[in-house]
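Subject: Structure for your review

Dear colleague,

Please find the structure below, followed by my notes on what a search of its contacts and surfaces turned up. I would be grateful if you read the notes with the structure open beside them.

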Amino acid sequence: LGNVNVGAIDEQEALEKRNEFLSSQVEDLNKSKAQLQQLINRLNKKSREKFQQTFEEVREHFQQIFRKLFGGGKADIFLEDAEDILEASIEIVARPPGKETRSISLLSGGEKTLTAIALLFAVFKAKPSPFCLLDEVDAALDEANNERFNLLLKEFQKDSQFIIITHAKRTMSIADVLYGITMQTR
């Protein structure tokens with residue numbers, strides 16, 4: 001039969017200890033995985049509730065601010081494929097006064113800008129911040145729409161400070177402080 005391995009008993013004990021150690025590690029990993037899955041499920045549930053609540057609040061503000069900026073009309077945001085709201089797309093529909101309801105992609109440049117400003121300020125109203133930086137948001141607006149934008153800015157100035165980068169003289173006229181930047185060469 002050959003030589004007898006006298007170290008076989010010691011090897012078996014070492015392998016059994018190693019097996020116990022690895023089994024406890026696997027059990028620990030499975031428990032951790034289950035705890036992480038519970039945490040993920042709990043966070044997803046809270047996120048869905050918070051998102052739904054905030055989405056409805058932003059939706060209401062968007063409708064109000066849109067009407068204020070356009071002097072009427074209707075706008076709405078809704079979730080497409082609302083099976084899982086955390087994965088759903090958001091559709092923006094706007095109907096400026098005197099026009100038919102259409103997707104934002106079909107509006108003119110100025111109308112798109114005003115609609116985007118309405119959505120931006122709706123989010124800002126739902127979750128206010130002490131300051132806001134706006135860069136050339138009024139560039140595509142004509143004089144009348146720029147005036148409505150400025151009135152909206154004045155309303156929000158009560159609670160927040162705005163840093164606005166603009167070339168529009170009307171927007172500059174409502175500023176408390178102006179900083180001008182010029183180029184040294186043409």
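On the surface of this predicted model, Leu36, Leu39, Ile40 and Leu43 make a nonpolar patch of about 350 Å². A patch here is made of residues with over 30% relative accessible area and no salt bridge, with like charges joined within 9 Å and nonpolar side chains (Val, Leu, Ile, Met, Phe, Trp, Tyr) joined within 5 Å; the areas come from the Shrake-Rupley method with a 1.4 Å probe, and for residues only the protein chains shown count as cover. Leu39 has its place in helix α1, which covers residues 8-70, helices (H or I, at least four residues) and strands (E, at least two) being DSSP runs numbered from the N terminus. With a relative accessible area of 35%, Leu39 is partly exposed, on a scale where buried means under 20%, exposed means over 50% and partly exposed lies in between (1.4 Å probe, protein chains only).

A word on conventions: residues are numbered from 1 along each chain as its sequence is written, and side-chain values use heavy atoms, with hydrogens and water left out. Since this is a predicted model, local features need pLDDT of at least 70 and side-chain atom pairs count only at pLDDT 80 or more, whereas totals for chains, interfaces and linings use all residues.

Turning to the interior, the largest nonpolar core has 31 residues, and of these Ile65, Leu69, Phe121 and Phe162 touch the most other members. At least two residues of this core are supplied by each of α1, β1 (74-80), β2 (89-95), α2 (109-126), β4 (131-135) and α3 (143-156). By nonpolar core I mean a set of buried Ala, Val, Leu, Ile, Met, Phe, Trp, Tyr and Cys residues joined through side-chain atoms within 4.5 Å. In soluble globular proteins, nonpolar side chains tend to be buried together. Leaving aside residues up to four places away in sequence, Leu69 touches Leu114, Ile117, Ala118, Arg148, Phe149 and Leu152, where contact means heavy atoms within 4.5 Å.

The whole structure holds 9 aromatic pairs, and one of them is the tilted pair of Phe62 and Phe66, at 6.1 Å centre to centre with 55° between the planes. Rings of Phe, Tyr and Trp (its six-membered ring) pair if their centres lie within 6.5 Å, and planes under 30 degrees apart count as stacked, over 60 as edge-to-face and the rest as tilted. Phe62 and Phe66 both lie in helix α1, 4 residues apart, about one turn of the helix. Phe62 is buried, at a relative accessible area of 0%, and Phe66 likewise counts as buried at 0%. Elsewhere, ring pairs link Phe121, Phe124, Phe149, Phe156 and Phe162 into a cluster.

A charged residue that may interest you is Glu111 in helix α2, which is buried, with a relative accessible area of 11%. Not counting residues up to four places away in sequence, Glu111 touches Phe70, Pro96 and Lys99.

As for salt bridges (a side-chain nitrogen of Lys or Arg within 4 Å of a carboxyl oxygen of Asp or Glu), the search finds 7 in the whole structure. In one of them, Asp84 pairs with Arg48, with the closest N and O atoms 3.0 Å apart; the pair links distant parts of the chain, with Asp84 in the loop between β1 and β2 and Arg48 in helix α1, 36 residues apart. Asp84 is partly exposed at 23%, and Arg48 is partly exposed at 31%.

Another salt bridge joins Lys68 and Glu155, whose closest N and O atoms are 2.7 Å apart. Because Lys68 lies in helix α1 and Glu155 in helix α3, this pair ties together parts that are 87 residues apart in sequence. Lys68 is partly exposed at 43%, and Glu155 is partly exposed at 28%.

Glu147 and Arg170 also form a salt bridge, with 2.7 Å between the closest N and O atoms. Glu147 belongs to helix α3 and Arg170 to helix α4 (residues 169-173), so the pair ties together parts 23 residues apart in sequence. In addition, Glu56, Arg59 and Asp76 are linked in a network of salt bridges.

With best regards
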